[in-house]
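Please take a moment with the sequence and the model shown below before reading on. The report that follows goes through helices, ring pairs, a nonpolar core and some single residues in turn.

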Amino acid sequence: MATASEAPATMAEGPTTHTPNQDQPSVYQLMSRVMRDVRNVGKNGRNNSQNYSFRGVDDAIGALAQPLRDHGVFMTPEVLDIQTEVRGKMNAVRMRVAFHFYGPAGDRVTATTMGEASDVADKASNKAMSAALKYALIHTFMIPVDAGSLDDGDRDHPVGQRSPADSYMERLRKPAVWHNVTALQAMHSEARGDGLLDARVEGPDGQTTLGELLVSRGTALKEAAAEQEAQRAKEAPEAARQVAAEHGVPAQRPVMSGPFDELKAAARASWEQSLALIEVRMKAQSTGFDDQLVQGPDGTEITFDQLLSDRIEQLAQQPKADAA
């Protein structure tokens, strides 16, 4: 989404060397009359996606258009310098613009302001020019604004007022949530309860809704997990054969027909990793498969839990044996 940050800094220059028409009032006189007639400008614009109010350039132009016409004053812009840069996916522009105000006598007053804006497409320059114009008009003609908000930032700007979805985005950026399907599902349910699934947010690929971001991220994690599981299942028979050859554990049939077969396959694949075997044993205990009989390394039947415990103990003794 496009954002704009404007830095007001207005300077006035004197009349040109052109000899003014003495029969006409000076531009100074006419601009003071424009100031007398101009109406106030409030923050009438509204950004619903980020939940803040703003004072748009259209409001400033609307307040001055008729007074300028009534007193014969017109304006021409001049871009004095411009700087561009890329900020992530945003095109950022900063420019210094001179706005020349002419009267019928031929003299002029120049107001110079800064404008800065960013946009994902090709509108950054347009927005920067609008920002510079808005403050040139407000400061040059001292347009009345709502009290205490000339800075445009302390209360109504997104810098000063958070969007309801901001707290969700802060939590979503944490690795414990971003890489956790269960956490994403819980956040989706919470956002639905808060009515924020349609809130506009900035995702990795640009603007989207909070609900769409949570769903797409959860789907990506599930697909990645499925690919990893398929790869492990593909490699499990070879891993089992290697374990059987090296440690005397009989190779089992690679076809898994139920949860216990999956646990046995996980044990074979993790035969050299004590921590992974501990996790398999805990899962077997929690699912009631720990007392299932299996064939041990010596060919006798023992419980699955005993098989895993013996292997975990064996792995724990290996560093001691190596040190001796």
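What span should the 13 residues of helix α6 have at 1.5 Å a residue, and how far apart are its end C-alpha atoms? In this predicted model, helix α6 covers residues 181–193 and should span 18 Å at that rise, and because its end C-alpha atoms are 19 Å apart, the two values agree.

**Two helices and their faces**

The residues of α6 that are buried are Leu184, Met187, His188 and Ala191. These four cover an arc of only 105 degrees around the axis, so they lie on the same side of α6. An α-helix has 3.6 residues a turn, and therefore residues three or four places apart point the same way. On the other side of α6, Thr182 and Gly193 are exposed. At the start of this helix, the backbone nitrogen of threonine 182 has a side-chain oxygen of asparagine 180 within 2.9 Å, while glycine 195, with a positive phi near 70 degrees, follows α6.

Helix α9 can be read in a similar manner. With its 14 residues, α9 reaches 20 Å from its first C-alpha to its last, close to the 20 Å expected at 1.5 Å a residue. Ala276, Leu277, Val280 and Ala284 are buried in α9, and because the buried residues fall within an arc of 100 degrees when seen down the axis, they line one face of the helix. Leu275, Glu279, Met282 and Ser286, by contrast, are exposed on the other side of α9. After α9 comes glycine 288, whose phi is positive, near 80 degrees.

**Ring pairs**

A pair of aromatic rings is described by the distance of the centres and the angle of the planes. The structure holds four aromatic pairs, among them the two in this table.

| Pair | Centre to centre | Angle of planes | Kind |
|---|---|---|---|
| Phenylalanine 260 and phenylalanine 289 | 5.4 Å | 20 degrees | stacked |
| Phenylalanine 260 and phenylalanine 304 | 5.2 Å | 85 degrees | edge-to-face |

Which parts of the chain does the stacked pair of phenylalanine 260 and phenylalanine 289 link? It links distant parts, for phenylalanine 260 is in helix α8 (residues 259–269), whereas phenylalanine 289, 29 residues apart from it, is in the loop between α9 (274–287) and β10 (293–295). The pair of phenylalanine 260 and phenylalanine 304 also links distant parts of the chain, with phenylalanine 260 in helix α8 and phenylalanine 304 in helix α10 (residues 304–323), 44 residues apart. Through these ring pairs, Phe260, Phe289 and Phe304 are linked into a cluster. Phenylalanine 260 counts as buried because its relative accessibility is 12%, and buried means under 20%; phenylalanine 304 is buried as well.

Elsewhere, a ring has a charged neighbour: arginine 171 lies over the face of tyrosine 168, at 5.2 Å from the ring centre.

**The nonpolar core**

In soluble globular proteins, nonpolar side chains tend to be buried together. Here the largest nonpolar core has 28 residues, and Leu64, Phe99, Phe101, Leu137, Phe141 and Ile143 are those with the most contacts inside it. At least two residues of this core come from each of α1 (27–37), α2 (57–70), β6 (90–102), β7 (108–119) and α3 (124–140), and α3 gives the most, with seven residues.

**Single residues**

Is methionine 129 buried or partly exposed? Methionine 129, which is in helix α3, counts as partly exposed because its relative accessibility is 26%. Its C-alpha is 9.0 Å in space from that of arginine 94, although methionine 129 and arginine 94 are 35 residues apart in sequence.

Methionine 142 lies in the loop between α3 and α4 (166–172) and has a positive phi of about 50 degrees although it is not a glycine. With a relative accessible area of 58%, methionine 142 is exposed.

Arginine 39 is placed in the loop between α1 and β3 (45–47), and at a relative accessible area of 46% arginine 39 is partly exposed. Arginine 39 and proline 144 are 105 residues apart in sequence, yet 7.0 Å apart in space, C-alpha to C-alpha.

How values were computed
Residues are numbered from 1 along each chain as its sequence is written. Side-chain values use heavy atoms; hydrogens and water are left out. Rings of Phe, Tyr and Trp (its six-membered ring) pair if their centres lie within 6.5 Å; planes under 30 degrees apart count as stacked, over 60 as edge-to-face and the rest as tilted. Buried means under 20% relative accessible area, exposed over 50%, partly exposed in between (1.4 Å probe, protein chains only). A charge sits over a ring if NZ of Lys or CZ of Arg is within 6 Å of the ring centre and within 35 degrees of the ring normal. The expected span of a helix is 1.5 Å times one less than its number of residues. The arc is that of the directions from the helix axis to the C-beta atoms. A polar contact is a pair of N or O atoms within 3.5 Å; within protein, one must be able to donate a hydrogen and the other to accept it, and residues adjacent in sequence count only if both atoms are side-chain atoms. A nonpolar core is a set of buried Ala, Val, Leu, Ile, Met, Phe, Trp, Tyr and Cys residues joined through side-chain atoms within 4.5 Å.
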